Amino acid sequence: MVSSALDAMAGTAWGRWLGLVAAVWVQCVSGNNYTFSNYSDSIKTLMGLTQLQLNGLSVAKDVGKAFGLLAGLASDRVPTWLLLAIGSLEGFLGYGAQWLVVSRTVAPLPYWQMCVCLCLGGNSTTWMNTAVLVTCIRNFRGSRGPVSGVLKGFVGLSTAIFTDLCSALFADDPASFLVMLAVVPAAVCALAMVFLREGRVASDASDEADARGFAAISTLAVAIALYLLAADLTGLGGNGGVVSTVFVTVLFILLAAPVAVPAHVAWTSWMKTRKAANADAENTVLDDSTTTTPLLLASKPAAEARGPGERPRLGEEHTIAEALSALDFWLLFSSFLMGVGTGLAVMNNLGQMGVAMGYADVSLFVSMTSIWGFFGRIASGTISEHFIKTRALPRPVWNAASQVLMCAGYVFMAFGMPGSLFIGSVVVGVCYGVRLAVTVPTASELFGLKYYGLIYNILILNLPLGSFLFSGLLAGLLYDAQATATPGGGNTCVGAHCYRGVFSVMAVACVIGFVLDLILSVRTKRVYAKIHEAKKASRLAAAQRVS
């Protein structure tokens, strides 16, 4: 009975928004995979690892995402709450075991066992991300760009949230940080299991109302990002005592603020219901019969008739086999690899890059990457959606633009000038965020929503693949070639030359990604022209009803 009531709630306008807010909270704690630099140096010192061995651990963390295919397969077969339960349990076990080692509660585990622990932690996020993305994109079919931008934006903020909370509450203690990574996501997922459910498209939903809701949540998200940015630049959160307590309290209030959106939608729906109850029954029926048209028109381009055995066209529903045999899928996959693979190499090695550049504490750079990644994610989702509506501009164009900016950032970091790591962390954060937020809705627009959970996780294979190629092999081997041995059995390198070769190769990779994105943009013009026309027809229909 309780489950039926919750499912019915998910089908209402305010229920959809409450589910989205729960998804936002899950995303706020599901970016733990990007926090490795905050405690990697402790693991390296404790276990006496070389940089290549340490990068092997970071690759194991990202290899966990390769098993996200299981989450993709399960997304069409099991309820959302079970996906969240599996993810939170894996995270608790994986990060809990790492805490036991870093806190010296147990002796350092054998290297292969540490790889398993990191793999578990990495895989946990794929279940959480699949649960929230698949459910929310299906619940808001006409606003895929904003959905992706908002959800991926909060993933970008996740690292900064964890880092700043640890700095304020535990003075950047790595062991305490790992406790947070193990416990907090499990608690938040337990709450989301209640409210995040896939429901039918609400009868009182419209593109215009959805746009206002996303604008409100995006504004709150920007306020959170600016607050975290100010705290990082001023050191506000790490002062301890009353100041830190105030910082944490305000942060929690800001994180809770998005719940105002479903509250407002519920109030508005209740007022409409009261008004309808007093109106003529015939008018009520007429109103109800026309409210869903805009959303359905904007949800996807109209499918064209095709003969038996004929391959589906871009923009139509694809099976997994049809998607994997399409050239456009591999263009998207390969360009995604060049962007996120190189970005992960920087994120995984920020700790050692900071040491090489003479920084004792790299938490600022980790936080900058997270915060600016948020701006890249939330801006690209909304902006790309706007230009589809107004100009029919293919979404992959924004991926191409991000590759150019990322290439420039790597060239700047290769020279090792003063402040290059700070600027580089900002550029990488923005561009990495753009890649994620743009690629997620692009895949659903080109290949459909029926098998979207699995298609999304196939694309996410680029994270472990890119981590292995650019972080595990490229960065590890080139760093060790420049490093000198230390008495403890590890090695170290100081100076701009340590990563110059790495940045140079990654700049070339970005050029390749740029070319691939341009080709994909040209090939998908027809799809986005259809989506543009559908959204235009939706707006005209809405205007006619108002008049």
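Arg-395 and Glu-385 are both buried, and in this predicted model they offer a convenient place to begin. Arg-395 forms a salt bridge with Glu-385, and the closest N and O atoms of the two are 2.9 Å apart. Arg-395 lies in the loop between α17 (363-391) and α18 (396-415), while Glu-385 belongs to helix α17 itself, so the pair ties together parts that are ten residues apart in sequence.

Arg-395 also meets a second partner, since its side chain and that of Glu-445 come together in a salt bridge with an N to O distance of 2.4 Å. This pair links distant parts of the chain, for Arg-395 sits in the loop between α17 and α18, whereas Glu-445 is in helix α19 (residues 420-447), 50 residues apart. Glu-445 is buried, as Arg-395 is. Salt bridges that share partners join Glu-385, Arg-395, Glu-445 and Lys-535 into one network.

The loop that holds Arg-395 has another residue to look at. Ala-392 is also found in the loop between α17 and α18, and its phi is near 60°, a positive value in a residue other than glycine. As background, most residues other than glycine have a negative phi. With a relative accessible area of 19%, Ala-392 counts as buried, because the limit for that class is under 20%.

A positive phi appears in another loop as well. Arg-104 has its place in the loop between α6 (80-102) and α7, and its phi is near 65°, again in a residue that is not glycine. Arg-104 is exposed, with a relative accessible area of 63%, whereas Ala-392 is buried.

Helix α7 leads back to the salt bridges, of which a search of the whole structure finds ten. One of them is formed where the side chains of Glu-198 and Arg-138 meet, at 3.5 Å from N to O. Glu-198 lies in the loop between α9 (174-195) and α10 (207-234) and Arg-138 in helix α7 (residues 111-139), so this pair ties together parts that are 60 residues apart in sequence. The two ends of the bridge fall into separate classes of accessibility: Glu-198 is partly exposed, with a relative accessible area of 42%, while Arg-138, at 9% relative accessibility, counts as buried. In general terms, side chains of opposite charge can pair when their charged atoms come close.

From single pairs of side chains the view can widen to whole helices. Two packed helices are described by the angle between their axes and the distance between the axes. For helix α4 (residues 51-63) and helix α16 (residues 327-356), the axes come within 11 Å and cross at roughly 135°, and α4 and α16 are therefore oblique to each other. Their crossing is right-handed. On the α4 side the contact is made by Gln-51, Leu-54, Asn-55, Ser-58, Lys-61 and Asp-62, and on the α16 side by Leu-344, Asn-348, Asn-349 and Gln-352. The residues of this contact of α4 with α16 divide into two nonpolar, six polar and two charged.

A last helix to visit is α20 (residues 452-459), which is mostly covered, with eight of its eight residues buried. The buried residues of α20 are Tyr-452, Gly-453, Leu-454 and Ile-455, followed by Tyr-456, Asn-457, Ile-458 and Leu-459.

Technical notes. Residues are numbered from 1 along each chain as its sequence is written. This is a predicted model: local features need pLDDT of at least 70, side-chain atom pairs count only at pLDDT 80 or more; totals for chains, interfaces and linings use all residues. Side-chain values use heavy atoms; hydrogens and water are left out. A salt bridge is a side-chain nitrogen of Lys or Arg within 4 Å of a carboxyl oxygen of Asp or Glu. Helices (H or I, at least four residues) and strands (E, at least two) are DSSP runs, numbered from the N terminus. Buried means under 20% relative accessible area, exposed over 50%, partly exposed in between (1.4 Å probe, protein chains only). Axes are lines fitted to C-alpha atoms, for helices over the stretch in contact, and angles run from 0 to 180 degrees between N-to-C directions. Angles under 35 degrees count as roughly parallel, over 145 as roughly antiparallel, 65 to 115 as roughly perpendicular and the rest as oblique. A crossing is left-handed if the near helix is turned anticlockwise from the far one by less than a right angle, and right-handed if clockwise. Contact means heavy atoms within 4.5 Å. Ala, Val, Leu, Ile, Met, Phe, Trp, Tyr, Cys and Pro count as nonpolar, Asp, Glu, Lys and Arg as charged, and the others, Gly among them, as polar.
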